[in-house]
Amino acid sequence: MTGERHIDAWENCLQIIGHIIEPQQFATWFKPVRPVSLVESTLTVEVPSDFFREYLETAYIDVIRKALRRVIGAGARLMYRTRPVQNQPAITVPAAQHAVPMNKSINLPLQPSENPGPFVYPGLKKVQVNPRLNPTYCFENLVMGECNRMGIAMGRDIAMAPGKTPYNPLFIFGGSGMGKTHLAQAIGIAIHEKFPELVVLYVTGNEFKTQYVHAVNVQNKQTDFLAFYMRMDVLIMDDIQDLVGPGSQNALFNIFNHLHQNGKQLIFTSDRSPADLKVFEARMLSRFKWGLSVELRKPDYNTRLQMLRSRCEREGVQIGEDVLAYLAGRVQTSFRELEGVLISVIAHATVSHGGNMLELAVGITEKLVGEDAPGLSIGKVQDTVCDYFNISREQLVAKTRRRQIVQARQIAMYLCRNYINNCSLASIGAEIGGKDHATVLHACSIVGDLMATDRLFKKYVTDIESLLAVEA
């Protein structure tokens with residue numbers, strides 16, 4: 001048994017696990033696992049891919065721990081080794097080991113019995129703030145393209161000198177799934193690695209609002225709430241558009257002023273530009289605009305393809321270029337949707353043990369994304385709008401303040417932004433009257449407001465949408 005201790009130990013673990021989980025799940029997720037070595041109380045096993053390892057960690061870690069302790073003892077540890085791809089060496093990863101950066105301990109002017117903040121580990125003499133940063137969201141896992149080049153470049157500059165660049169605050173905006181959270185957290189992780197003495201905190205707008213309401217209405221400790229946030233060196237607030245309500249916004253106003261005046265770094269993300277955050281007071285909006293506003297746009301084909309290659313490398317799986325090219329061409333809306341489709345393909349391929357990967361990708365994509373839709377162009381949108389309002393293309397782009405022309409131009413911009421893939425605000429503005437991206441954003445906001453209040457105007461837009469659908 002001396003040379004095969006690891007095999008015997010794993011076989012004994014499998015016998016225990018097999019009595020706990022369903023036979024089909026056992027065959028899918030435990031049969032492919034191979035024992036590699038057993039050194040003292042550490043058992044190393046080999047898994048097909050990093051995705052496979054993550055799934056085991058998520059779904060079955062409690063069962064695995066129970067089996068290991070019964071077979072090896074209370075001090076049992078599990079290590080994973082990912083099966084190598086082509087000629088790459090295997091990667092060994094400890095079980096349930098996440099390298100989340102930790103903040104230094106800080107002092108707060110609170111009584112020992114009081115709760116100093118929502119992200120504090122209790123029971124410590126000096127409170128330690130949980131930065132709430134996901135190590136996966138690092139710069140190394142960000143794929144750069146024209147859609148996010150400026151954001152990444154400015155983010156790296158901030159990480160080298162937080163609070164000391166002109167980019168304070170940094171306001172990152174863009175549609176859902178464009179990588180705003182990833183970029184914001186990557187900056188926080190990079191800052192923490194270079195400046196471990198700084199206290200970094202990531203929080204969402206909705207969490208901040210909930211904490212504020214609880215601190216004021218339940219605990220009656222607004223001062224403690226403000227004191228906690230004013231101790232941060234780097235504050236990252238995601239989805240700022242969810243921060244509705246005058247009380248929580250006033251709290252953020254005071255925290256913002258204190259941190260900014262003391263040279264602390266502020267980073268915000270939003271699904272809309274500062275100009276479109278109608279729920280905020282003017283004084284808060286003006287502060288969002290103090291530093292740098294960066295828009296993350298839809299990724300182009302090459303960026304999508306590179307992202308798929310990068311994710312496959314991270315997962316330790318090999319997928320043909322024909323499959324990756326198909327996915328990059330079909331899924332155009334966001335990084336998040338593209339990543340979701342890829343993970344679904346990997347999961348189905350793992351369960352089905354191979355098969356025709358391209359056919360599998362086509363089937364999954366059709367279910368998750370839908371049928372191919374011929375793309376619209378800015379020119380086609382302009383022609384449709386002109387035909388509907390009985391005006392010429394020259395009139396549409398002319399410098400005039402005639403109400404009919406202005407509204408037609410705004411509708412054209414709105415439709416281009418919402419229905420054309422991989423179309424930047426700058427390109428829309430350039431083709432429709434030589435306007436800048438801020439004008440396009442303003443036009444889209446005006447159209448949205450008018451559709452909500454003017455029935456006739458809403459009919460104009462829906463009629464043109466129907467015409468575009470027919471033309472497509």
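P169 sits in the loop between helix 5 (149-160) and strand 8. Helices here are DSSP runs of H or I with at least four residues, strands are runs of E with at least two, and both are numbered from the N terminus. The peptide bond from N168 to P169 is cis, with omega near 5°. Most peptide bonds are trans, and most residues other than glycine have a negative phi.

This is a predicted model: local features need pLDDT of at least 70, side-chain atom pairs count only at pLDDT 80 or more, and totals for chains, interfaces and linings use all residues. Residues are numbered from 1 along each chain as its sequence is written, and side-chain values use heavy atoms, with hydrogens and water left out.

Now follow the chain into the sheet. Five strands form an open sheet in the order 9-10-11-8-12, with parallel pairing. Two strands pair if DSSP finds at least two bridges between them. Strand 9 (200-204) and strand 12 (292-296) stand at the edges with a single partner strand each, so one side of each has no neighbour in the sheet. From one strand to the next, the twist averages 15°. Strand 8 (residues 170-174) and strand 12 run parallel, joined by five bridges. One residue to find is I172, whose bridge partner in strand 12 is V294.

Helix 6 (residues 180-194) packs on this sheet. Its direction makes about 155° with that of strand 8. Such angles run from 0 to 180 degrees between N-to-C directions, with axes fitted to C-alpha atoms, for helices over the stretch in contact. Contact means heavy atoms within 4.5 Å.

Turn next to helix 4 (residues 61-71). Here I61, V63, I64, A67 and L68 are buried. They cover an arc of only 160° around the axis, which puts them on the same side of helix 4. The arc is that of the directions from the helix axis to the C-beta atoms. The face turned away from the buried side carries the exposed residues D62, R69 and R70. Buried means under 20% relative accessible area, exposed over 50%, and partly exposed in between (1.4 Å probe, protein chains only). Just after helix 4, G73 takes a positive phi of about 130°.

Two other residues also deserve a look. E40 has a positive phi near 55° and lies in the loop between strand 1 (34-39) and strand 2 (42-47). E40 is exposed, with a relative accessible area of 70%. N390 has a positive phi near 60°.
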